[in-house]
Amino acid sequence: MGRKLDLSGLTDDEAEHVLKVVQRDMKLRKKEEERLSEMKQELTEEGSRCSILSKQHRFNEHCCIRCCAPFTFLFNPKRQCLDCQYNVCKTCCTYSKRERAWLCSACQKGRKTFREAKQTGECAAAGCLFK
C-alpha cells in the first residue's frame, strides 16, 4: 500500500476502470483480513477449551477433546493428532497420507489458515500468529 499510481497516460474511462479495480482489491483484502482474524479467534477459543478439558483428570483418555464423544474399542477408537497430541474420535479427524498420521479438525483448520495467511501476506502483518 502507500504507492501512488500514475494515471496521467490513461483516458478517463481507463483511469476510472483502474480505480474501480484497486478499490475492489482493497475491499477483498480487508474482507480476507477479517476472515483470517475470525478464524484465528475461533482457533484460540478452541485451544482454550481443549486446555481446560485436558486438565480434567483423564478426560482425554476416555473422550474426544473436540466433540466430547466417548471412545469405544470398535466403533469409535481414539486417534492421536500429530500436531496437538490430543486424542480425537474418527469424526473429528482425517488421515494425512503424506505425513502418515491423523490430524484433528482444529489443527487442519489452523494449517489451512496459516497457509492462506502466508499466501496473502497476512502472516507478516499478523506477526505470524498462526502456528
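**Figure 1. Glu-116 counts as buried, at 16% relative accessibility.** The model is predicted. Buried here means under 20% relative accessible area, so Glu-116 falls in that class. Glu-116 sits in helix H3, which covers residues 105-120. Beyond residues up to four places away in sequence, Glu-116 touches Glu-32, Arg-35 and Leu-36. One of these partners, Leu-36, is 80 residues away from Glu-116 in sequence. In space, the C-alpha atoms of Glu-116 and Leu-36 are 8.3 Å apart.

**Figure 2. Residues 22-49 are 100% helix.** The span holds 0% strand. From end to end, its C-alpha atoms lie 41 Å apart. UniProt, in an unreviewed entry, lists residues 22-49 as "coiled-coil region". Leu-36 belongs to the residues that Glu-116 touches, as do Glu-32 and Arg-35.

**Figure 3. Asn-87 is buried in strand S2.** Strand S2 spans residues 87-88 and includes Asn-87. Is Asn-87 buried or exposed? Its relative accessible area is 15%, so Asn-87 is buried, the limit being under 20%. Which residues does Asn-87 contact, leaving aside neighbours within four places in sequence? They are Asn-60, Glu-61, Cys-63, Cys-64, Ile-65, Phe-71, Lys-78, Arg-79 and Gln-80.**Figure 4. The largest nonpolar core has 15 residues.** Within this core, Cys-64, Val-88 and Cys-104 have the most contacts. Two elements give two or more residues to the core: strand S4 (101-104) and helix H3. Helix H3 is also the place of Glu-116.

**Figure 5. Cys-64 touches Asn-87 and Val-88.** Cys-64 also touches Phe-59, Ala-69, Phe-71, Cys-89 and Cys-92, with residues up to four places away in sequence left out. Phe-71 is in contact with Asn-87 as well. Val-88 joins Cys-64 among the core residues with the most contacts inside the core.

**Figure 6. The whole chain has four helices and four strands.** Along the sequence, the pattern runs α-α-β-β-β-β-α-α. The chain has 131 residues, and 27% of them count as buried. Its accessible surface comes to about 10000 Å². Carbon and sulfur atoms hold 55% of that surface. How many of the contacts between residues at least 6 apart in sequence join residues at least 24 apart? The share is 30%.

Technical notes: Residues are numbered from 1 along each chain as its sequence is written. This is a predicted model: local features need pLDDT of at least 70, side-chain atom pairs count only at pLDDT 80 or more; totals for chains, interfaces and linings use all residues. Side-chain values use heavy atoms; hydrogens and water are left out. UniProt positions are given in the numbering used here, feature names are shortened, and annotations may be inferred rather than shown by experiment. Buried means under 20% relative accessible area, exposed over 50%, partly exposed in between (1.4 Å probe, protein chains only). Contact means heavy atoms within 4.5 Å. Accessible areas come from the Shrake-Rupley method with a 1.4 Å probe; for residues, only the protein chains shown count as cover. A nonpolar core is a set of buried Ala, Val, Leu, Ile, Met, Phe, Trp, Tyr and Cys residues joined through side-chain atoms within 4.5 Å.
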